[in-house]
Amino acid sequence: MKINGKTKLTGIIGWPVEHSKSPLMHNRAFDALGLNYCYIAMPVQPERLKEAIEGIRALGFTGINVTIPHKQTVMQYLDEIDKEARFIGAVNTIKNEDGCLIGYNTDGKGFMESLREEGIDPSGKNIFVIGVGGAARAVCYYLCQHASKLYLHGRNMQKASVLMNDLKTVSSEVSITETKSSIQYADIIINATPLGMKEDDPMPFEPSMLRPDQVVCDLIYWDTPLIKQAREIGCKAVNGLGMLLWQGVLAFKIWTGITPPVELMREELLKGQNT
Ligand SMILES: NC(=O)c1ccc[n+]([C@@H]2O[C@H](COP(=O)([O-])OP(=O)(O)OC[C@H]3O[C@@H](n4cnc5c(N)ncnc54)[C@H](OP(=O)(O)O)[C@@H]3O)[C@@H](O)[C@H]2O)c1
């Protein structure tokens with residue numbers, strides 16, 4: 001698709017953001033559908049966030065994605081925030097409706113879609129989540145509505161207890177566990193910490209605790225040492241690529257009202273992973 005005078009603008013703000021794979025997947029989808037849109041990565045320093053959001057409005061962007069470190073702080077500059085994003089306390093997608101900026105969070109729903117396509121049904125399951133930050137809040141909001149029991153484990157007990165109390169307004173079957181030994185009772189174990197992103201990171205928990213009948217998910221979007229070891233043990237193990245893909249698919253739908261070609265978007269993400 002050639003950029004011309006009618007091209008509609010979308011993109012992502014973050015700091016840093018040049019590593020983002022979102023431009024690849026969204027531009028591929030716009031091209032495939034013949035939609036006159038483009039998606040660019042825009043590095044925005046934290047102290048310039050307010051100006052950047054005013055710019056999005058002034059320049060008439062159709063919508064943007066928001067990534068670290070702006071997902072929480074951006075909320076104060078928006079006109080409306082949808083119910084789920086408000087609960088999660090973070091926005092990863094903004095739609096510009098005639099100058100009215102509306103915030104959404106597609107991370108949690110994206111994660112649920114990634115489970116669905118892997119044939120993993122969280123209904124009636126015991127689920128153990130390690131980490132109680134933004135991504136954990138997003139996935140737990142949905143998981144607690146299906147799980148039989150949701151165990152939260154965070155290194156910051158106060159933060160874990162805030163999340164537990166918030167989730168209890170959605171479902172009563174949520175508890176904090178101080179030790180990782182509850183992993184033995186879990187059907188699904190989710191790493192929602194960044195442990196595994198760097199080569200010298202310790203494991204989020206000792207993988208030898210795992211049994212082959214358990215499912216292990218890592219929100220990091222490549223095969224971390226945890227995912228690799230879980231597979232060796234015989235567990236079904238899923239990395240965060242599907243979540244990244246589906247949060248993008250859902251954002252695309254919010255902006256355009258059109259379902260994008262999911263497999264082409266996945267192809268772009270996988271291509272990026274091999275380079
Ligand atoms: N696949 C996707 O589309 C997708 C989307 C969003 C996020 N993610 C991934 O999800 C992970 C979490 O992101 P986030 O946005 O939730 O980050 P976050 O808000 O910073 O939360 C991270 C959580 O991990 C804990 N943590 C951090 N370092 C730790 C360590 N060394 N040991 C134990 N716990 C540690 C934090 O504890 P404290 O609160 O005590 O710091 C916090 O509970 C990241 O790897 C991110 O890349 C993936």
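These legends go with a set of close-up views of the structure, which is a predicted model.

**View 1. Two domains, one of them built from two stretches of chain.** Domain 1 takes in residues 8-105 and then picks up again at 243-274. Domain 2 covers 109-239. Measure from centre to centre over the C-alpha atoms and you get 25 Å between domain 1 and domain 2. Where the two touch, domain 1 puts in 14 residues and domain 2 puts in 20 residues.

**View 2. What gets buried where the domains meet.** The size of an interface is often given as the accessible area lost when the parts come together. Here, domain 1 and domain 2 bury about 1500 Å² between them. Carbon and sulfur atoms account for 63% of that area. Which residues of domain 1 lose the most area to domain 2? Look for F87, M243 and W246, which together make up 46% of what the domain 1 side buries.

**View 3. Salt bridges and polar contacts across the domain boundary.** Two salt bridges run between domain 1 and domain 2. Elsewhere in this view, find K109 and E84: they form a salt bridge, and their closest N and O atoms sit 3.5 Å apart. Counting polar contacts instead, five residue pairs link domain 1 with domain 2, with both partners at pLDDT 80 or more.

**View 4. The helices on the domain 1 side of the contact.** Three helices, α3 (83-88), α8 (241-256) and α9 (262-274), each supply at least two of the domain 1 residues that touch domain 2. Helix α8 gives the largest share, five residues. As for chemistry, the domain 1 side that touches domain 2 is a mix of six nonpolar, four polar and four charged residues.

**View 5. The ligand and the residues around it.** There are 19 residues around the ligand, and V132, A135, R155, K159 and L219 come nearest. Zoom in on the polar atoms and a few distances stand out. The side chain of R155 has an N or O atom 2.9 Å from a ligand oxygen. G133 takes part through its backbone, with a polar atom 3.3 Å from an oxygen of the ligand. On L219, a polar backbone atom lies 2.9 Å from a ligand nitrogen.

**View 6. Cis peptide bonds and a positive phi, all in loops.** Most residues other than glycine have a negative phi, and most peptide bonds are trans. So what is the peptide bond from W15 to P16, cis or trans? This one is cis, with omega near 5 degrees, and P16 lies in the loop between β1 (8-14) and α1 (22-33). The bond from I68 to P69 is cis as well, with omega near 10 degrees. You'll find P69 in the loop between β3 (63-66) and β4 (80-81). D98 is a residue other than glycine with a positive phi, near 50 degrees. Its place is the loop between β5 (93-97) and β6 (100-104).

**View 7. A salt bridge between distant parts of the chain.** The whole structure holds 16 salt bridges. One pair to zoom in on is R28 with E268, whose closest N and O atoms are 2.6 Å apart. R28 belongs to helix α1 and E268 to helix α9, so far along the chain that 240 residues separate them.

Conventions
Residues are numbered from 1 along each chain as its sequence is written. This is a predicted model: local features need pLDDT of at least 70, side-chain atom pairs count only at pLDDT 80 or more; totals for chains, interfaces and linings use all residues. Side-chain values use heavy atoms; hydrogens and water are left out. Domain bounds come from an automatic or database domain assignment. Contact means heavy atoms within 4.5 Å. Buried area is the accessible area (1.4 Å probe) that two parts lose on being put together, summed over both. A salt bridge is a side-chain nitrogen of Lys or Arg within 4 Å of a carboxyl oxygen of Asp or Glu. A polar contact is a pair of N or O atoms within 3.5 Å; within protein, one must be able to donate a hydrogen and the other to accept it, and residues adjacent in sequence count only if both atoms are side-chain atoms. Helices (H or I, at least four residues) and strands (E, at least two) are DSSP runs, numbered from the N terminus. Ala, Val, Leu, Ile, Met, Phe, Trp, Tyr, Cys and Pro count as nonpolar, Asp, Glu, Lys and Arg as charged, and the others, Gly among them, as polar. A residue is near a molecule or strand if one of its heavy atoms lies within 4 Å of it.
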